[in-house]
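Biologist: Hi! Could you walk me through this protein in simple terms?
Modeller: Happy to, let's pull it up.

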Amino acid sequence: MTHSSATLPVLITMPHSHYSEKARWALDWLSLPYREEPHAPLLHRFATTRNGGRSVPVLVHGASRFVDSTDILVHADAVCGGDLLYPRDSALRCAVEALEERFDDELGPHTRRWAYAQLLPESRLLRQVMTRGVPWFEAGLLPVGMPIVLRIVRAALRITPESARRSIERVHGIFQEVDEWLNDGRPFLVGERFTAADLTFAALAAPVLFPAGCRAAYPALEEVPAAMREEALLLRDTGAGRFALRLFSQERAGSSAVA
Ligand SMILES: N[C@@H](CCC(=O)N[C@@H](CS)C(=O)NCC(=O)O)C(=O)O
């Protein structure tokens, strides 16, 4: 597929966002060329609201705007001919959509809350990952804006030691469920091949696994607080954790992003 720069889809992201990694992975996996436009937190709102959204990712494709990661995957799959991330078979497609929604609504918010709770005291480390690839003036503003960003994140995600503990318990619960599904030896969550359900599970589990191959900006596992590192190693060593790491190593190869 050829795209002139005028029709090249633009993916608006934040460097450390796992929902952005979900959309980025889908575009890469489908080999759909796009240009990524990463923004620093808070400043991302100038780009997203201009395009009718709030959160990242947002995909701008010609005259169309997709302001939710699932809508981006569905659109990209259709543009590439369909029956790729979403099976054409309606029963299989329903199963994929149900799992994607479940991971979007439960797994994503809980991995994010727990990861932020561990990293909020590590302001320097967070600033490094939050500015990777963003415009220079946004990177320059973030040191000044960091205290307010951290305060907003803590309030918006209702982060307390107690809520962080509940979130990691919920993550363990979902991992256990996925372990049980995989126990029958199935290679993927739905059907015989990689789908949006697998991709969504692995991308949204990334903040607790730090997988090799993940293109969201994360600190190296050696740099994070010891308690976070130990939890990540524990989760990596579960059936669901190993499954997510395998998906990153087998299904997250090339990038179709255009510089
Ligand atoms: N349902 C949305 C959730 C996206 C989301 O929560 N994005 C976060 C980053 S991981 C965000 O942009 N938060 C800041 C904001 O809402 O302005 C999707 O799937 O795209």
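Modeller: We can go through the domains, the place where they meet, and then a couple of backbone details.

Biologist: Great. Is there anything I should know before I start looking?
Modeller: Yes, keep in mind that this is a predicted model.

Biologist: Okay. How is the chain divided?
Modeller: The chain is split into domain 1, residues 10–79, and domain 2, residues 90–251. Their C-alpha centres are 18 Å apart.

Biologist: How many residues are in contact between domain 1 and domain 2?
Modeller: On the domain 1 side there are 22 residues, and they touch 37 residues of domain 2.

Biologist: And how much area do they bury between them?
Modeller: About 2,400 Å², with 65% of that on carbon and sulfur atoms. In domain 1, the residues that lose the most area to domain 2 are His 16, His 18 and Trp 25, together 30% of what that side buries.

Biologist: Why talk about area at all?
Modeller: The accessible area lost when parts come together is often used to give the size of an interface.

Biologist: Makes sense. How many salt bridges cross that interface?
Modeller: The rule finds 3 salt bridges between domain 1 and domain 2. There are also 17 residue pairs in polar contact across the interface.

Biologist: Which elements of domain 1 give two or more residues to that side?
Modeller: Those are helix 1 (18–29) and helix 3 (69–79). Helix 1 gives the largest share, 9 residues. By class, the side of domain 1 that touches domain 2 has 12 nonpolar, 6 polar and 4 charged residues.

Biologist: What does Lys 22 pair with?
Modeller: Lys 22 forms a salt bridge with Asp 104, and their closest N and O atoms are 3.1 Å apart.

Biologist: New topic! What does UniProt say about residues 11–77?
Modeller: An unreviewed UniProt entry annotates them as "domain: GST N-terminal". In the model, that span is 42% helix and 21% strand. The UniProt annotation for residues 163–221, also from an unreviewed entry, is "domain: Glutathione S-transferase C-terminal". Residues 163–221 are 58% helix and 0% strand.

Biologist: Nice. Now the backbone: where is there a cis peptide bond?
Modeller: A cis peptide bond joins Val 56 and Pro 57, with omega at about 5 degrees. Pro 57 sits in the loop between helix 2 (44–50) and strand 3 (58–61).

Biologist: And what is phi of Ser 31?
Modeller: Phi of Ser 31 is near 55 degrees, a positive value in a residue other than glycine. You can find Ser 31 in the loop between helix 1 and strand 2 (35–38).

Note on methods: Residues are numbered from 1 along each chain as its sequence is written. This is a predicted model: local features need pLDDT of at least 70, side-chain atom pairs count only at pLDDT 80 or more; totals for chains, interfaces and linings use all residues. Side-chain values use heavy atoms; hydrogens and water are left out. Domain bounds come from an automatic or database domain assignment. Contact means heavy atoms within 4.5 Å. Buried area is the accessible area (1.4 Å probe) that two parts lose on being put together, summed over both. A salt bridge is a side-chain nitrogen of Lys or Arg within 4 Å of a carboxyl oxygen of Asp or Glu. A polar contact is a pair of N or O atoms within 3.5 Å; within protein, one must be able to donate a hydrogen and the other to accept it, and residues adjacent in sequence count only if both atoms are side-chain atoms. Helices (H or I, at least four residues) and strands (E, at least two) are DSSP runs, numbered from the N terminus. Ala, Val, Leu, Ile, Met, Phe, Trp, Tyr, Cys and Pro count as nonpolar, Asp, Glu, Lys and Arg as charged, and the others, Gly among them, as polar. UniProt positions are given in the numbering used here, feature names are shortened, and annotations may be inferred rather than shown by experiment.
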